[in-house]
Amino acid sequence: MLRDREKRVLVIGGAAAAVLLLLTFVLIPGFSRIKSQARAADAAEADLAEVRMARPEIERIQRETGAKAGIVRAAANVKDAPLTRITAALQEAGIPQAALNIKSGGARDGERFREESFDVRIENLTYLEAVKTLQRLSAGSLPVTIRSASLKSRYDDPRYLDVTLRVGFLTPKS
């Protein structure tokens, strides 16, 4: 049998071992989990604050998208071909048929719209005419989006440009 002193040492040692095990496997991991969850909560709050700051921009983009969708739906009722409509819009902008070359680039289906792609090449434009043409196409009544624009100064007269546009003509997905 154990003496009283040995019993006390055994009890104290067991208690110390229990305290060490409690610290090692319960308290320390619990505190680190609390810290990591606090960091995650702070990161989530920062992300939420950024989304709240971006809300006016998101709403503006949604309004513009809705307006563009309305133009696309309205344009679906017109029976003219997209190539004819783009050519007519450019000629109304004052670009002569001789300076205009349009090639079809194929079609692709998006989430809500079908986009027919056209490569539009316009020669001998002034800088002002080029800007007005871009504005007329992108903000006009045609359901188009300008995917890319390449402006090259002419080698024979630097006052004039050759403009190459990748234009997507949008139609409702059927």
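Here, contact means heavy atoms within 4.5 Å, and that is the sense in which helices lie on strands below. Keep in mind that this is a predicted model.

**The sheet**

Let's start with the strands. Four of them make an open sheet, ordered β1-β2-β4-β3, with antiparallel pairing. β1 and β3 sit at the edges, each pairing on one side only. On average, neighbouring strands in this sheet are turned by 15° against each other, direction ignored.

How many bridges hold β2 and β4 together? This antiparallel pair has 11 bridges. Isoleucine 122 is found opposite valine 163 of β4, and phenylalanine 113 has proline 172, also in β4, as its bridge partner. On the β3 side, nine bridges join β3 to β4, again running antiparallel. There, leucine 151 stands opposite valine 163 in β4. So valine 163 turns up in both pairings, facing isoleucine 122 and leucine 151.

**The helices on the sheet**

Helix α2 covers residues 82-92 and lies across β1, β2, β3 and β4, running at about 35° to β2. Which of its residues are buried? They are Pro82, Arg85, Ile86, Thr87, Ala89 and Leu90. The cover over these buried residues includes the strands β1 (100-109), β2 (113-125), β3 (144-153) and β4 (161-172), along with the helices α1 (4-75) and α3 (127-139). After α2 comes glycine 94, with a positive phi near 100°.

**A greasy patch and an exposed isoleucine**

Now for the surface. Val19, Leu20, Leu21, Leu22, Leu23, Phe25, Val26, Leu27, Ile28, Phe31 and Ile34 make a nonpolar surface patch of about 1100 Å². One of these residues, isoleucine 34, belongs to helix α1. Is isoleucine 34 buried or exposed? Isoleucine 34 counts as exposed because its relative accessibility is 54%, and the cut-off for exposed is over 50%.

**Salt bridges**

Over the whole structure, a search turns up 13 salt bridges. Here are three of them, with the distance between the closest N and O atoms.

| Basic residue | Acidic residue | N to O distance |
|---|---|---|
| Arginine 108 | Glutamate 115 | 3.5 Å |
| Arginine 154 | Aspartate 162 | 2.7 Å |
| Arginine 159 | Aspartate 157 | 2.8 Å |

How do the partners score on burial? Glutamate 115, the partner of arginine 108, counts as buried because its relative accessibility is 9%. In the bridge between arginine 154 and aspartate 162, arginine 154 is buried, at 16% relative accessible area, and aspartate 162 is buried too, at 12%. Salt bridges with shared partners also tie Arg121, Glu123, Arg154, Asp156 and Asp162 into one network. Why does arginine 159 count as exposed? Its relative accessibility is 56%, and the exposed class begins over 50%. Arginine 159 meets the side chain of aspartate 157 in its salt bridge.

**Putting it together**

The picture is an antiparallel four-strand sheet with α2 lying across β1, β2, β3 and β4. Added to that are a nonpolar surface patch that includes Ile34 and a salt-bridge network that includes Arg154 and Asp162.

Terms used. Residues are numbered from 1 along each chain as its sequence is written. This is a predicted model: local features need pLDDT of at least 70, side-chain atom pairs count only at pLDDT 80 or more; totals for chains, interfaces and linings use all residues. Side-chain values use heavy atoms; hydrogens and water are left out. Buried means under 20% relative accessible area, exposed over 50%, partly exposed in between (1.4 Å probe, protein chains only). Helices (H or I, at least four residues) and strands (E, at least two) are DSSP runs, numbered from the N terminus. Two strands pair if DSSP finds at least two bridges between them. Axes are lines fitted to C-alpha atoms, for helices over the stretch in contact, and angles run from 0 to 180 degrees between N-to-C directions. Patches are made of residues with over 30% relative accessible area and no salt bridge: like charges are joined within 9 Å, nonpolar side chains (Val, Leu, Ile, Met, Phe, Trp, Tyr) within 5 Å. Accessible areas come from the Shrake-Rupley method with a 1.4 Å probe; for residues, only the protein chains shown count as cover. A salt bridge is a side-chain nitrogen of Lys or Arg within 4 Å of a carboxyl oxygen of Asp or Glu.
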